[in-house]
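Thanks for asking me to look this over with you. Here are some notes to help you find your way around, one topic at a time.

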Amino acid sequence: MKYTKMGEFEELVLLVVGALDGEAYGVSIRKMLKQHTGRNPSIGALHSALNRLEEKGLIDSDEYGATAERGGRRKRFFKINPAGKNVLRRAFELRSELIYSIPGMNLTNLNS
Amino acid sequence: MKADKRPPAWADRFLELLISDDKLEMLQGDLHELFRERLTTHSLWYARSMYLIDALGLLRPFALKSFIPSSVTNPMIMFENYLKTGWRNIVREKWFTVINLISLSLAITGLSIIFLYLNSELSFDKFHTNSENIFRMVRQPLSEGQQFNEDINMPEPLAKALENDFASIENTVRMYPDNQLLRNGQDFFRAEVLLSDPSLFDIFDFPLLAGDYTALIKDPSQVIISREFANRIFGNGVDVLNRTIELRQAGDFKSFTVAGVAADPPRNSTIQFDIVVPLQNLLQTDFGMETIDSWNDAYLLTFIQLRAACDQQGLLDQMPEFWMRHRATAMEIMLENGSWDDPARPPAIYAPQPLRELHSSVNFGTRMVPPVDPWKYWVLSAMALFILLLGCINFTLLTIGKATRRAAEIGVRKTFGARRSQLAMQFWSESALTGLLALSMALLFLYITLPRVNYLLQTDLEIHQVFAPEVLLVLLVIAAGTGILAGIYPSIILSGFDPVRIFRERNSGGHSSFFSKSLIVIQFAVSAFFLFGAFVMNDQINFMKQKDPGISRDGVVVLSTQQLPDQDIRTFQKELEQESFVNAVSAIRFTLPIYANAGWFYNEEYFRANVLAADRNFIEAFGLELTAGRGFYAEEPDSVSAFVVNEAFMDMMGYEQLDGQTIPGYNRRGVQEPVIIGVVKNFHFQSLENEIQPMIITINPNEPFSNLMIRMRAGEVSRNLDLTKDLWRDHFPEQAFEFSFLSDDLEAEYAGQERWNSTFRFAGLINIFIACLGLFGFSTLFVTGRIREIGIRKVMGASSLRIFTRFCIQFFSLIIVACLIAGMAGYLVLSRWLQEFAYNISISLTHFLLMTCVVFILAALAIAYQFIKTREVNPAVILREG
């Protein structure tokens, strides 16, 4: 099984990119991250993570959508690809498997 | 949207500089969007600060530009293309190529000369196997103003004493360099004779090609001869072993047998010789006998060889004690007469000086190869760098000037995706190629200029030294480096051209930007500075040569009497005085310039004066002016203790007026406490660089004379000389007739200064030549670029001369600025230089005007061609083409 190493922050970014479904670019990713986690990463840190994800082949990107606020500069939109989804799924499976094996932890307990 | 509510523009530029092109757009876009967002909720100041913080946060490896060419393809393919295009450009623009090549090759020539020069200078005396362990003994004073000043002349017993006292000393050698007359049959030669212990060949690397130097130990009449000198005397390829030569020592010719032939001492050796003669021969003369075991007569160079890995510091620490042990008698006398007051500490020590420092120790000449002040290296290097600067400026000026012609090429390359760094690389490889081409021309220049350079720098550089592999490699690096240096600015500018602008606008060139103007000013300022220096130096030297020295020098011939018997010389002198062409003859010990010091103590003070020992008639015969007292009587009763002194001497002693004073404490060659009978006006007996020193004139016969000064009557010099020579032949048929002119001897003092002057002039001419070449090229571009403007002006009725004048004013105003800069810098530097001379000129407006005139005339010549070009412009043709 090919296992791609991924940091916690990277995983979050990947999740957000997937969730935004084609509307993910620097500023929107940052906004959603802030909404869901309360974190406020710098643009530099965010793009660094996006760059790593792209190098690992988990997301694709494309440039379009210039606006006046951006001084006529195009956005780079990121999209999760099948490999990325695979990695997310596997990570989720791994976690749920392990979390059930902790004594006293099951779905009912988790919900309460 | 308000215009001022923008992120700081410089932060954007900063990002553009550092962030890689493919990431820049999205990152900057994100930052700008965030900035707008923050503006809605926060202050402008906050938004801008956050922008800066974010921008700094972007400086992460993933986003930064790669400054290393990141192409994975083989760059050699592109290089091939660069070289091809470069070569085509070089061939197409013939005129500019010639100017560029000449400028760069002059720059390379300058650097190569400096490299060869420093290479030979810094390797001095390092070729000996033992060079690290060889030291020269010097006397170092431990306190100021004492009898024991710095000296390299050592007493005879020093070497033995050192060898006996210190186990760490492996070997010693004493030597005395002398210039002696050599006779081989009927032929006379001047030979550089090194009287030396045979251990010379053990300590130093002077390999023998034939024979055996151990013969010298047993038999002092055996000598070693250098190969070059053997060839000169006996002819090439002759077996010289056991041949006999005669050397004149202490007045007589003595026979010596050649025991061996040594390889010529390399040119970077301080120790030089034609013949090595055992020192025994010197020690056996009357003079030498007196000095054996005497610590007071210092005259021998003494070298020691230490054992490898011995304690050098320890040796140095023992030197004070060594002095006390061997100079006890001298110390006692000094303590007694009050000239020294510390019995526990010596006034001076003998100290070892490393061999490698010999060539740069300016205060200690060895009478063989004169040492060189390291300061000279800096000045010469600066000169070479200035030539380099000027050459590179030419390249820059012309490449930028004709850049518009290459704009299309740059545009096409850029459109096809060439990166800026690749274009820069292209221009660099082109300029490096030009540099390498210039090298071959530089070799030619080197060949032409080397004889002149050798004279100016007093070296023996030869063209074949260039072809040693390691030197050639360095020259290649120098050439390519010069090309790269010259290409820095063009490559940055040209590679920055914007393709869109290139294709949209049709730039016709002919602009003279502030940058190009400054470059021209720099060029002319530098060259004018050198010319200014050359003019001022020339005047100063002429001033020193022409100023009346206060002693007759015209028609004065100095004849060397070479220690011939006194009576014979006197007879010769008497007869010479009878000749109609002779005005006066006076025997003299040392001829002018005089640097013969006598020193004595009186009242715990140390006095020094130069000694002029001559005949009684000297003062009248050579026109010295008496200001007080009288000269010597022609006969008795003046005893040997009657002295005539100069005014400087009276000042030193503090005597206001001549009143029968004596010179207390003076004790030299049998004269004690002499009486001053007369005072002569100060006259220049040394170079005018120095203040006139105190001097005494004595007729003491114990100061043996060795020259005759003959003052000729006006008339044909060569005829008078021939007559003198005939008379000399009658008296001394077997002796060489060796003479010089007093005026030459005095002027020889300034030979060093004159060489500097010539060096300056040489550099100045090369600089101005490069500058004019550059101006020629630049004005050509200037006029070509404005050819249509000229056409229109002509149509409107302007004359060619008027148009040309318009352009001229532009250039000449630059040259005026350059001359002013050069004048100011020159004034500052040269007035300091002139202060080195006790008698100097002051820098005048004439020097400045002279320099300006020369620069103007040369610059005018450089742009004169443009006048013809302007005149030939036919508006009808030019304007239709547009």
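1. Let's start with chain A. Read from the N terminus, its elements follow the order α-α-α-β-β-α-α, which amounts to five helices and two strands. The C-alpha atoms of chain A fit a box of roughly 55 × 35 × 20 Å, taken along the principal axes. Please keep in mind throughout that this is a predicted model.

2. Next, see where the two chains meet. Chain B brings 21 residues to the contact and chain A brings 20 residues. Together they bury about 1,800 Å², with 54% of that area on carbon and sulfur atoms. On the chain B side, the residues that lose the most area to chain A are Glu25(B), Met26(B) and Glu33(B), which together make up 31% of what that side buries.

3. What links the chains at this contact? Between chain B and chain A there are four salt bridges. One pair to look up is Lys31(A) with Glu37(B), whose side chains meet in a salt bridge at 3.7 Å, N to O. Eight residue pairs, both members at pLDDT 80 or more, are in polar contact between the two chains.

4. Which elements of chain B give two or more residues to the side that touches chain A? They are helix H2 (21-41) and helix H3 (44-57) of chain B. H2(B) gives the most, with 15 residues. Sorted by class, this side of chain B has six nonpolar, four polar and 11 charged residues.

5. Now for salt bridges over all chains: the count comes to 27. Within chain B, the side chains of Arg325(B) and Asp165(B) form one of 2.7 Å, N to O. Why is this pair worth a look? Arg325(B) sits in helix H13 (residues 319-326) of chain B and Asp165(B) in helix H6 (residues 158-165) of chain B, so the salt bridge ties together parts that lie 160 residues apart in sequence.

6. Chain B also has an open sheet of four strands, in the order E13-E22-E12-E23, with antiparallel pairing. At its edges are strand E13 (582-588) and strand E23 (739-741) of chain B, each of which pairs on one side only. From one strand to the next, the twist averages 20°.

7. Staying with that sheet, E13(B) and strand E22 (residues 707-712) of chain B pair in the antiparallel sense over six bridges. Within this pairing, Val582(B) stands opposite Met712(B) in E22(B). Helix H21 (residues 566-578) of chain B packs on the sheet, where it touches strand E12 (556-560), E13 and E22 of chain B. The direction of H21(B) makes about 160° with that of E13(B).

8. A further open sheet in chain B has six strands, ordered E14-E15-E21-E17-E20-E16, and its pairing is mixed. Strand E14 (597-602) and strand E16 (626-629) of chain B are the edge strands, each pairing on one side only. Neighbouring strands of this sheet are turned by 35° against each other on average, direction ignored.

9. To finish, follow one edge of that six-stranded sheet. E14(B) and strand E15 (residues 605-613) of chain B run antiparallel and are joined by six bridges. Among the residues to find there is Asn597(B), whose bridge partner in E15(B) is Asn610(B). As background, strands of a sheet pair through backbone hydrogen bonds, either parallel or antiparallel.

Technical notes: Residues are numbered from 1 along each chain as its sequence is written. Chains are lettered from A and ligands numbered from 1 in the order in which they are written. This is a predicted model: local features need pLDDT of at least 70, side-chain atom pairs count only at pLDDT 80 or more; totals for chains, interfaces and linings use all residues. Side-chain values use heavy atoms; hydrogens and water are left out. Two strands pair if DSSP finds at least two bridges between them. Axes are lines fitted to C-alpha atoms, for helices over the stretch in contact, and angles run from 0 to 180 degrees between N-to-C directions. Contact means heavy atoms within 4.5 Å. Buried area is the accessible area (1.4 Å probe) that two parts lose on being put together, summed over both. A polar contact is a pair of N or O atoms within 3.5 Å; within protein, one must be able to donate a hydrogen and the other to accept it, and residues adjacent in sequence count only if both atoms are side-chain atoms. Ala, Val, Leu, Ile, Met, Phe, Trp, Tyr, Cys and Pro count as nonpolar, Asp, Glu, Lys and Arg as charged, and the others, Gly among them, as polar.
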